[in-house]
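Visitor: I would like to go through this structure by asking how each label was earned. Could you take me from the definitions to the conclusions?

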Amino acid sequence: MKSKSTKMKENPDKAYTLYRQNLQKKILKMALQMFLNKGIKLVRMDDIANHLSISKRTLYEIYGNKEELLMECIKEQHRQFASFFDMKNEKDVIQIIINFLYRQIEDLRNTNPRFFKDLNKYPHVTRYLERHRFYQQKEMMDFVQKAIEDGYFRPDVNYDIIFRVSNASMRYTIGTNMYKEYPIEEIFRQLLFVYFRGFCTEKGLERFNRLTEERLAKDTLNMSVKTNL
C-alpha cells in the first residue's frame, strides 16, 4: 500500500491544491484574529503575511484585496454561528442557546469595538451583512418555533420585533461609544439575558436557570483546577 506522501508526490496537482486549501484556512484564522483584536483599519495585508511567514504576493494570489479577505472572515464567522444551531448533535434548544450565549460573550470579550465601527467602511461587506441578517432571522425563527413547540418559549411574543430591537440595541452601543463606559460583552449579556427571560415560559426559565447554574459550577471548577496546576 502506498503511503500518503508517496501518493502526493505522484499527484503534484492534488498536493498543491491541498496546500492552497490549508493555507487559505490559516490565512482566514490569522486575519480574523487580527481584525477582531486590533480592529480592521489597523491591520495591513503586510501584517497578515508577516505573521504567517508568507509573501505578500502569495497572500494577494489567494485574496485579491483586504475587503475580499474581510468578507471571507465574516462568512467564516457566520458558518460558526450556524453550527451552534445545528440540532443534529444537540436536541435541547435551551442548552444550545446557553452554549451560544457563553460563546458570544467570550468572543466579544476578546473583540476590539473598533472592529464593528470599521465594518461600515467596507460597502460590499455591509451589503452582505444586511442580506445575511434577513436570512439569519429566518433561520432563527425556525429555531424559535422548535422552542415554542417544546414549551420553552411563549407563543404570544412577536419575535420579529425582538430580533429587530436587539440588533438596533447593538448598533446603538457601537454608534454612541457606549462600550467605552461598559465592556461590550457585559452590554450584550445584559440585553440578551433580559430578552431571553422575557420570552421564556416558566418551563423554559426553570430549564434555563438550572443549566446556567450547572455551567457556572463547571466553569468555577475548571478555574479552580487551572489555578492549582
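Guide: What follows is a series of questions about the labels, each answered from the values.

Visitor: What kind of model is this, and how many helices and strands are there in the chain?

Guide: This is a predicted model, and the chain contains eleven helices and zero strands, so that its order along the sequence reads α-α-α-α-α-α-α-α-α-α-α. Of the 229 residues, 37% count as buried, and the chain exposes about 14,800 Å², of which carbon and sulfur atoms supply 53%.

Visitor: Why is the pairing of D160 and R164 called a salt bridge?

Guide: The label requires a side-chain nitrogen of Lys or Arg within 4 Å of a carboxyl oxygen of Asp or Glu, and the closest N and O atoms of D160 and R164 are 3.3 Å apart, so the pair qualifies. Both residues lie in helix α9 (residues 159-175), four residues apart, about one turn of the helix.

Visitor: Are D160 and R164 buried, partly exposed or exposed, and what makes them so?

Guide: Exposed means over 50% relative accessible area and buried means under 20%; R164 has 55% and is therefore exposed, whereas D160 has 29%, which falls in between, and is therefore partly exposed.

Visitor: What makes R210 and E214 a salt bridge, and where do they lie?

Guide: Their side chains meet at 3.0 Å, N to O, and the cut-off is 4 Å, so the label applies. R210 and E214 both lie in helix α11 (residues 202-228), four residues apart, about one turn of the helix. R210, at 42% relative accessible area, is partly exposed, and E214, at 41%, counts as partly exposed as well. Elsewhere, salt bridges that share partners join R20, R57 and E61 into one network, and a search of the whole structure finds 17 salt bridges.

Visitor: Why is D47 called buried, and which residue does D47 meet in a salt bridge?

Guide: D47 has a relative accessibility of 16%, which is under the 20% limit, so D47 counts as buried. The side chain of D47 meets that of R44 in a salt bridge of 3.0 Å, N to O.

Visitor: How many residues does the largest nonpolar core have, and which helices supply it?

Guide: The largest nonpolar core has 32 residues, and those with the most contacts inside it are F85, I94, L101, F153, F196, F199 and F208. Helices α6 (93-109), α8 (123-149), α9, α10 (184-199) and α11 each supply at least two residues of this core, the largest share, ten residues, coming from α6. Apart from this core lies another, of 30 residues, among them L23, L32, I74 and L119. Leaving aside residues up to four places away in sequence, I94 touches Y152, F153, F196, G204, R207, F208 and L211.

Visitor: Why is the pair of F153 and F196 called edge-to-face?

Guide: Rings pair if their centres lie within 6.5 Å, and planes over 60 degrees apart count as edge-to-face; the rings of F153 and F196 have their centres 5.8 Å apart and their planes at 80°, so both conditions are met. This pair links distant parts of the chain, with F153 in the loop between α8 and α9 and F196 in helix α10, 43 residues apart, and both F153 and F196 are buried.

Visitor: How do you know that F196 and F199 are edge-to-face, and what separates them in helix α10?

Guide: Their ring centres are 5.7 Å apart and their planes stand at 80°, so the pair is edge-to-face; F196 and F199 are three residues apart in helix α10, about one helical turn. Ring pairs link F153, Y159, F196, F199 and F208 into a cluster, and the structure holds seven aromatic pairs.

Visitor: What is notable about phi of S53 and of N177, and where do these residues lie?

Guide: Most residues other than glycine have a negative phi. Phi of S53 is near 60°, a positive value, and S53 lies in the loop between α3 (45-52) and α4 (56-62). With a relative accessible area of 67%, over the 50% limit, S53 is exposed. Phi of N177 is likewise positive, near 60°, and N177 lies in the loop between α9 and α10; its 24% relative accessible area makes N177 partly exposed.

Conventions. Residues numbered from 1 in each chain as written. Predicted model: local features only at pLDDT ≥ 70, side-chain atom pairs only at ≥ 80, totals over all residues. Heavy atoms only, no water. Buried < 20%, exposed > 50% of the residue type's maximum accessible area, 1.4 Å probe, protein only. Core = buried A, V, L, I, M, F, W, Y, C linked by side-chain atoms within 4.5 Å. Contact = heavy atoms within 4.5 Å. Areas by Shrake-Rupley, 256 points an atom, 1.4 Å probe, with all protein chains shown as cover. Phe/Tyr/Trp six-rings, centres within 6.5 Å; stacked < 30°, edge-to-face > 60°.
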